[in-house]
Structures are given as C-alpha cells and as structure tokens.
Amino acid sequence: MGKRRLALCAGVLAVTAFGPAAYAADGGDVSVVPAAPAPGGDIALRVTGCDAREAVAQSPVLVSDARLTPDDGDGLAGDGRVRSTVSAGTYTVTVACDGTEHRGTVEVVRKHTPAAGGEPSTHPSPVAPVDAGAGGAARDLAGGPERHGPGTAQTVVALALAGAAALTVHRAARRQARRGRRTG
C-alpha cells in the first residue's frame, strides 16, 4: 500500500475513532461520550483545562453528580448515568473547577421503539434460565450451589487419560527408534 493511501486510511480511522468525542463538547471544555445517549444510558465525562485534583460534573440530565478524577491525559474524567425519565433534548453539563465554570452539552435521544405492528418487543438476551437440554435442568441448577471447575473424579479421570496418552506416545517412539536401528 502506498504512503498516501496509508496516510489516508490512518486519517479516516482517527476521525472515525475520535470524531464523536471531539464534537461531543459542542465548543466547551467538557466532553461527553457518547454525545447522544438514550435515557438510562451510561456516559463518560471529561474536562480539560482544569488543574484541580477532583471536580464534580452537574446536569439535570444526570441521575446524580458525577465525580471527576485525573485521567491519563491532562484533564479529569468520570462516569455518569442519564436519568431514565429524562425527555429527549439538549442539556448543559457544568463542571466547577478552580473557580472556573466549564460547560459542555449532551443531546439525549429517544430510545428506538418498533412501530405498531412491527417487530415484537423482545429482550436482547435471556432474562431467566433457558430450557435448553438436560430436560430443563438449567432452571433447577440456576438456584443451586455455584461450582468452580471439575471435581475430584473428573480430575483423576483426566490425569489417567493424559498418562495413558503419554505412555502410548512413548511406546510408539521407542518402537520407531528400534525399527530405525535394525534397518540402518
């Protein structure tokens, strides 16, 4: 691949990876990723230009104030959760740091819901043990004691099988070596 094509691909990759974070702050010092979360979604907050060791992000869209602490870069970062009852719209996020108020915005979007008569509403993953094999034993085992790894019987059987395999390989190698000495 030519140098120009490689540089172009690297540029496209960088814009794709960092584009949403770069435009999330809407010109402010506070960035929100994702820039357009749904109600109930988790967000990452970051403020730059703040020399404090800790700050708090506040917004009517957040379930509670988000505590921001130093990140790997030159700013503070933390996590927050969007209220599940908030309406779609654009909200301000404010961070008070060293007597300066840093601002950013977050645009809450409506959750995608299928149209009437469309696809039935289903859970993205099972919400209870699934009757799959063993005659529905998964439901019975789900409430039972949690098991970690194989038991003693399985360990002994595995070691015996491994030993038998090693012995078989060793004998085959010895036979091969004997045949090699006789023919040569």
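Trainee: Is Glu101 buried, partly exposed or exposed?
Mentor: Bear in mind that we're looking at a predicted model. Glu101 has a relative accessibility of 49%. Exposed would need over 50%, and buried would need under 20%. So Glu101 counts as partly exposed.

Trainee: Which side chain does Glu101 meet in a salt bridge?
Mentor: Opposite charges can pair when their charged atoms come close. Here the N to O distance is 2.8 Å, and the cut-off is 4 Å. The partner is partly exposed, with a relative accessible area of 45%. That partner of Glu101 is Arg103.

Trainee: How many salt bridges are there by this rule?
Mentor: Glu101 with Arg103 is one of them. Another joins the side chains of Arg46 and Asp71, and Glu54 with Arg67 makes one too. By this rule, the count comes to four.

Trainee: How far apart in sequence are Arg46 and Asp71?
Mentor: Their side chains meet at 2.5 Å, N to O. Arg46 belongs to strand E2 (residues 42–48), while Asp71 sits in the loop between E4 and E5, so the pair links distant parts of the chain. In sequence they are 25 residues apart.

Trainee: What is the relative accessibility of Asp71?
Mentor: Its partner Arg46 is partly exposed, with a relative accessible area of 25%. Asp71 also counts as partly exposed, because buried would need under 20%. The value for Asp71 is 23%.

Trainee: In the pair of Glu54 and Arg67, where does Arg67 lie?
Mentor: The two side chains meet at 2.9 Å, N to O. Glu54 is in the loop between E2 and E3, 13 residues away from Arg67 in sequence. Arg67 itself lies in strand E4.

Trainee: And is Arg67 buried, partly exposed or exposed?
Mentor: Glu54 has a relative accessible area of 42%, which makes that residue partly exposed. For Arg67 the figure is 54%, and the upper cut-off is 50%. So Arg67 is exposed.

Trainee: Which residue does Arg67 stand opposite?
Mentor: Look at strand E3 (residues 55–58) and strand E4 (residues 66–70). They run antiparallel and three bridges join them. The residue opposite Arg67 is Val56.

Trainee: What is the order of the strands in the open sheet?
Mentor: The chain has three helices and seven strands, and the sheet is made of seven strands with antiparallel pairing. At its edges are strand E1 (30–33) and strand E7 (100–108), each pairing on one side only. Neighbouring strands are turned by 25 degrees against each other on average, direction ignored. The order is E1-E2-E5-E4-E3-E6-E7.

Trainee: Why does Leu76 count as buried?
Mentor: Leu76 lies in strand E5 (residues 75–81). Leaving aside neighbours within four places in sequence, its contacts include Leu45, Val47, Ala52 and Leu68. Buried means under 20% relative accessible area. Leu76 makes that cut because its relative accessibility is 1%.

Trainee: How far apart in space are Leu76 and Arg46?
Mentor: Arg46 is among the residues in contact with Leu76. In sequence, the two are 30 residues apart. C-alpha to C-alpha, the distance is 5.6 Å.

Trainee: Which strand gives the most to the largest nonpolar core?
Mentor: In soluble globular proteins, nonpolar side chains tend to be buried together. This core has 22 residues, and those touching the most other members include Leu45, Leu68, Val93 and Val95. E1, E2, E3, E4, strand E6 (89–97) and E7 each supply at least two residues. The one giving the most, with four residues, is E6.

Trainee: Which residues of the chain does Val93 touch?
Mentor: Val93 is one of the core residues that touch the most other members. Not counting residues up to four places away in sequence, the list includes His102, Arg103, Gly104 and Gln58. Also among them are Val30, Val32, Leu45, Ala57, Ser59 and Val106.

Trainee: Which peptide bond is cis?
Mentor: Head for the loop between E1 and E2, where Pro34 is found. The omega there is near -5 degrees. The cis bond runs from Val33 to Pro34.

Key
Residues numbered from 1 in each chain as written. Predicted model: local features only at pLDDT ≥ 70, side-chain atom pairs only at ≥ 80, totals over all residues. Heavy atoms only, no water. Pairing = 2+ DSSP bridges. Axes fitted to C-alpha atoms, helices over the stretch in contact; angles between N-to-C directions. Buried < 20%, exposed > 50% of the residue type's maximum accessible area, 1.4 Å probe, protein only. Contact = heavy atoms within 4.5 Å. Core = buried A, V, L, I, M, F, W, Y, C linked by side-chain atoms within 4.5 Å.
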